[in-house]
Amino acid sequence: MSLRTELDELDRGIVELLALDARNSNRRIAAELGVTEGTVRARIKRMQEQGQIRITAISNINKLRAASLVYIWIDVARSDQLRSVAQALAAVPELGFVGVMAGRADILAITMVQDSAELVELLQSKVTPVAGVREVRSSLGVRFVKHDYRISRIVGSGHNA
């Protein structure tokens, strides 16, 4: 396993072009950035191996039928439980994003649900039972004004495949 390296300007250029369209060929990316196709191929391979990027398909949230984006705001009982609660929530497959926050709540989790019954089941069976969870609040997205695929990966879960 090689040492993890910082993304340089070329790496960031490759990532930006892939973020716009992951179907871009290495040849097209190389031409756009003024490098060889082999350089692009090697850089992509290294970034994948080091876990810096993952190339994947992302569903268009605007095309999902009856799906709702859900923000789940979680407060923990004690600050020394923050890490363990976040790790336990990160292990829940339905949650596409779990982050420790500063502000409105201690932890933010994001997912997609088909209906309110699915949300209630998720909260009751997998979120509130986590040791250290003190309070849970949720917000449902009802209308999407803008959808940028580069941000969508945070809600990716089995629900929107």
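1. A residue is called buried here if its relative accessible area is under 20%. With that cut-off in hand, let us start with the whole chain. This is a predicted model, and buried residues make up 35% of the 161 residues in its chain. The chain exposes about 10,300 Å², and carbon and sulfur atoms supply 51% of that area.

2. Next, the layout. The secondary structure comes to six helices and four strands. Read from the N terminus, the order of elements is α-α-α-β-α-β-β-α-β-α. Among contacts with a separation of 6 or more, 70% are between residues 24 or more positions apart.

3. The sheet is a good place to linger. Its four strands form an open sheet in the order β2-β3-β1-β4, and the pairing is antiparallel. The edge strands are β2 and β4, each of which pairs on one side only. From one strand to the next, the twist averages 20°.

4. How buried is strand β1? Eight of the nine residues of this strand (residues 68-76) are buried, so β1 is largely enclosed by the rest of the structure. Seven bridges join β1 to β3 (residues 107-113), and these two strands run antiparallel. If you would like to trace that register in the viewer, S68 has V113 as its bridge partner in β3, Y71 has I110, and I74 has I107.

5. On the β4 side, β1 is joined to strand β4 (residues 133-140) by seven bridges, and this pair also runs antiparallel. A handy marker for this pairing is V70, which stands opposite L140 in β4.

6. Now to β3. Seven of its seven residues are buried, so this strand too is largely enclosed by the rest of the structure. Which residues point which way? I107, A109, T111 and V113 point one way from β3, while L108, I110 and M112 point the other way; all are buried. You may enjoy seeing T111 listed among those buried positions.

7. Strand β2 (residues 97-100) is joined to β3 by four bridges, and the two run antiparallel. Here F97 stands opposite I110 in β3; I110 is also the bridge partner of Y71. The hairpin of β2 and β3 has six residues between the strands, and G103 in this hairpin takes a positive phi near 135°. That glycine is worth a look when you step through the hairpin.

8. Two helices deserve a mention alongside the sheet. Helix α4 (residues 82-90) lies across β1, β2, β3 and β4, and runs at about 170° to β2. Helix α5 (residues 116-127) lies across β1, β3 and β4, running at about 160° to β4.

9. Last, a pair of helices from the N-terminal part of the element order. How do α1 and α3 pack? Helix α1 (residues 9-20) and helix α3 (residues 37-49) pack at an angle of about 85°, with their axes 10 Å apart. Angles of 65 to 115 degrees count as roughly perpendicular, and α1 and α3 are therefore roughly perpendicular to each other. From α1, the contact is made by L10, D11, I14, V15 and L18; from α3, by T39, V40, R43, I44, R46 and M47. These residues divide into seven nonpolar, one polar and three charged.

Conventions
Residues numbered from 1 in each chain as written. Predicted model: local features only at pLDDT ≥ 70, side-chain atom pairs only at ≥ 80, totals over all residues. Heavy atoms only, no water. Axes fitted to C-alpha atoms, helices over the stretch in contact; angles between N-to-C directions. Parallel < 35°, antiparallel > 145°, perpendicular 65-115°, else oblique. Contact = heavy atoms within 4.5 Å. Nonpolar A, V, L, I, M, F, W, Y, C, P; charged D, E, K, R; others polar. Buried < 20%, exposed > 50% of the residue type's maximum accessible area, 1.4 Å probe, protein only. Areas by Shrake-Rupley, 256 points an atom, 1.4 Å probe, with all protein chains shown as cover. Pairing = 2+ DSSP bridges.
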